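Student: I'm new to this structure and would like a close look at a single part of it. Could you then show me how that part sits in the rest?

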Number of protein chains: 2
Amino acid sequence: MNSELPASPDVKSAIFQPLYLQISQLLLERIASGEWPAGTYIPSEASLAETYNVSIGTLRKALNELVSSNVVIRYQGKGTVVAAHDSDSALFRFFNILRDNGERSLPLSRVLARHLRTASEEEALALDIVPGSKVIHIWRVRDLDGAPAILEHVYIDAARFSGMDREPDILPNTLYQLYQQKYACTVANAHEQIKAVNAGPDEVLHLEAEEGEALLRIYRIARDFQDKAVEYRVSTVMTRHHAYFNQL
Amino acid sequence: MNSELPASPDVKSAIFQPLYLQISQLLLERIASGEWPAGTYIPSEASLAETYNVSIGTLRKALNELVSSNVVIRYQGKGTVVAAHDSDSALFRFFNILRDNGERSLPLSRVLARHLRTASEEEALALDIVPGSKVIHIWRVRDLDGAPAILEHVYIDAARFSGMDREPDILPNTLYQLYQQKYACTVANAHEQIKAVNAGPDEVLHLEAEEGEALLRIYRIARDFQDKAVEYRVSTVMTRHHAYFNQL
DNA sequence: CAGTGGTCTAGACCACTTA
DNA sequence: AAGTGGTCTAGACCACTGT
């Protein structure tokens, strides 16, 4: 087959990109479309290779691309599963506030307010939606080790997450799981900007901070596989007993 | 050859690890030993494959491991070069303080003090050296966009960097380049812990901060390829016009 | 042009999981 | 035992870089 066809020229010349990247993209689209929901197993290498008419080696390379971008996880002898936010490893990828000694501390949330409102300029810019659109705003405190530690504003596009402002349920600790399970929307990466701020009235009241105490403020924009902004979040963190950890 | 030998069993059974990882490790050792200094080209795939008696595919896999851990960089048509800290990409891997809009800003250093002294308990712990050892301490201010923005304490093992406290030269902006070029010591990764602090006298004086103004404090331990601690650094950052950026 | 890394293939065999 | 992913090989061809 190799001697006749110089590596499936029809597919190759269509888009100028290596075959394995094209396949990787096709698989990503099928995952993003909801065909294979998070937590489910996708077909085996051999079967996918047959589907796309490529060698198994090329298909492996395509899958490895998805592994390195945290889209799927592979288990030898079992299969390839679409990454879900409830796995232990994924849970802490987006939660970098740890105890001073580096140990994990499970956060506990209390929602202070939740409502639908018109996006401010800043929020619309961050979420990449037209100014004047509606957003759902969630305001909550997160406790670490029994004490209030994070005061957090979360903004999401109301059009995309319609109904979430009226959900009767108590919100789960990790919103990303909720986005994934109820709205088929997986946060794939996030970008953060960190500054230091002096505590104001809100932080004095809800974080038991001293007036003017130095706190971390983290601005985060979370994006899905298509690089579309999913959530804008501003967190204010008390760092008396905890710190933001980062591996370079 | 494949029918006779089940994938070079002699090498394989010696250490229980995939061949390509063993080779990757061997190459890393040769790089760390100084045989191929930073910035130089290592032998071609074909020649290395012959040296280690493995197929070219296996050797590629070994090299790709080194690529993903930022040890080497490959250029099609040219060759494989040992990563150096002076490449534009590497320079900003360890410098995450950017302007609010996300643009880079080249820092400018002024050394306030530099001397040899006995390590404190904290410093010895961070550098993983025996308490009572000598460290070189560098204290400097870094300007961003013409204004003092970072007040930084740097600690390095005096035994490893002997002579650096007496160097007559003005220290370069990026110490990591100096470590690499003069001490054959490459910083391969780093771990950071970030807190918020209120400005004290030092920061008021050198960063022109208001008394009590909230500042970022970053504790960083930098390590080499062997995961040995190279440098301990405590930076205090003014975030009026800059922020710490991070991609998750 | 020769030499480098990048892609793709085809097939053998190994290691792990499940039934 | 059957099915999955993981390793290793061998070789063809492509794309890019220098002389």
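In which strand of chain A does A:A222 lie?

Tutor: Happy to walk you through that one. A:A222 is part of strand β9, which covers residues 214–223 of chain A. Before we zoom in, keep in mind that you're looking at a predicted model.

Let's start with the surroundings of this alanine. A:A222 counts as buried, because it has 23 C-beta neighbours inside 10 Å, and the cut-off for buried is 20 or more. If you skip the neighbours within four places in sequence, A:A222 is in contact with A:V187, A:A190, A:V230 and A:E231. Of these, A:V230 and A:E231 fall within the range of β10, residues 229–237 of chain A. You can also look a bit farther along the chain: A:Y176 is 46 residues from A:A222 in sequence, yet their C-alpha atoms are 9.7 Å apart in space.

Now zoom out to the whole chain. Chain A has 8 helices and 11 strands, and its C-alpha atoms fill a box of roughly 75 × 45 × 30 Å along the principal axes. Buried residues such as A:A222 make up 32% of the 248 residues in the chain. Long-range pairings show up throughout the count, too: take the contacts between residues at least 6 apart in sequence, and 59% of them join residues at least 24 apart.

The chain is split into domain 1, residues 9–82, and domain 2, residues 87–244, so going by these bounds A:A222 belongs to domain 2. The C-alpha centres of the two domains of chain A lie 32 Å apart. Where they touch, 6 residues come from domain 1 and 6 residues from domain 2. On the domain 1 side of that contact you'll find 4 nonpolar, 2 polar and no charged residues.

Strand β9 has another story to tell once you bring in the second chain. Chain B can be laid on chain A with an RMSD of 0.1 Å, using a turn of 180 degrees and a shift of 0.0 Å along the axis. The two copies are therefore related as by a two-fold rotation axis. In chain B, the C-alpha nearest that axis belongs to B:A214, at 2.3 Å. The contact between the chains takes 23 residues from chain B and 23 residues from chain A. On the chain B side, the elements that give two or more residues are β8 (189–198), β9 (214–223) and β11 (242–247). So which of them gives the most to that side? That's β8(B), with 10 residues. By class, the chain B side has 12 nonpolar, 8 polar and 3 charged residues. And 100% of the interface residues of chain B are also interface residues in chain A, so the copies meet through the same surface.

Back in chain A, a few loop residues make a handy contrast with our buried alanine. A:R240 sits in the loop between β10 and β11. With 17 C-beta neighbours inside 10 Å, A:R240 counts as partly exposed. The C-alpha atoms of A:R240 and A:N96 are 15 Å apart, with their places 144 residues apart along the chain.

Two other loop residues are worth a click for their backbone. A:N70, in the loop between α4 (56–68) and β2 (72–75) of chain A, has a phi near 60 degrees, which is a positive value in a residue other than glycine. A:N70 is partly exposed, with 15 other C-beta atoms within 10 Å. A:D128 also isn't a glycine, and has a positive phi of about 60 degrees. You'll find A:D128 in the loop between α6 (121–127) and β6 (134–144) of chain A, and A:D128 is partly exposed, with 13 other C-beta atoms within 10 Å.

One last stop, over in chain B, is a pair of helices. The axes of α3 (residues 45–52) and α4 (residues 56–68) of chain B come within 9 Å and cross at roughly 105 degrees. That makes α3(B) roughly perpendicular to α4(B). From α3(B), the residues B:E45, B:A46, B:L48, B:A49 and B:Y52 meet B:I56, B:L59, B:R60 and B:L63 in α4(B). This helix contact has 7 nonpolar, no polar and 2 charged residues.

Notes. Residues are numbered from 1 along each chain as its sequence is written. Chains are lettered from A and ligands numbered from 1 in the order in which they are written. This is a predicted model: local features need pLDDT of at least 70, side-chain atom pairs count only at pLDDT 80 or more; totals for chains, interfaces and linings use all residues. Helices (H or I, at least four residues) and strands (E, at least two) are DSSP runs, numbered from the N terminus. A residue is buried if 20 or more other C-beta atoms lie within 10 Å of its own, exposed if 12 or fewer, and partly exposed in between; C-beta atoms are placed from the backbone. Two residues are in contact if their C-beta atoms, placed from the backbone, lie within 7 Å. Ala, Val, Leu, Ile, Met, Phe, Trp, Tyr, Cys and Pro count as nonpolar, Asp, Glu, Lys and Arg as charged, and the others, Gly among them, as polar. Axes are lines fitted to C-alpha atoms, for helices over the stretch in contact, and angles run from 0 to 180 degrees between N-to-C directions. Angles under 35 degrees count as roughly parallel, over 145 as roughly antiparallel, 65 to 115 as roughly perpendicular and the rest as oblique. Copies are superposed by least squares on the C-alpha atoms of residues with pLDDT of at least 70 in both.
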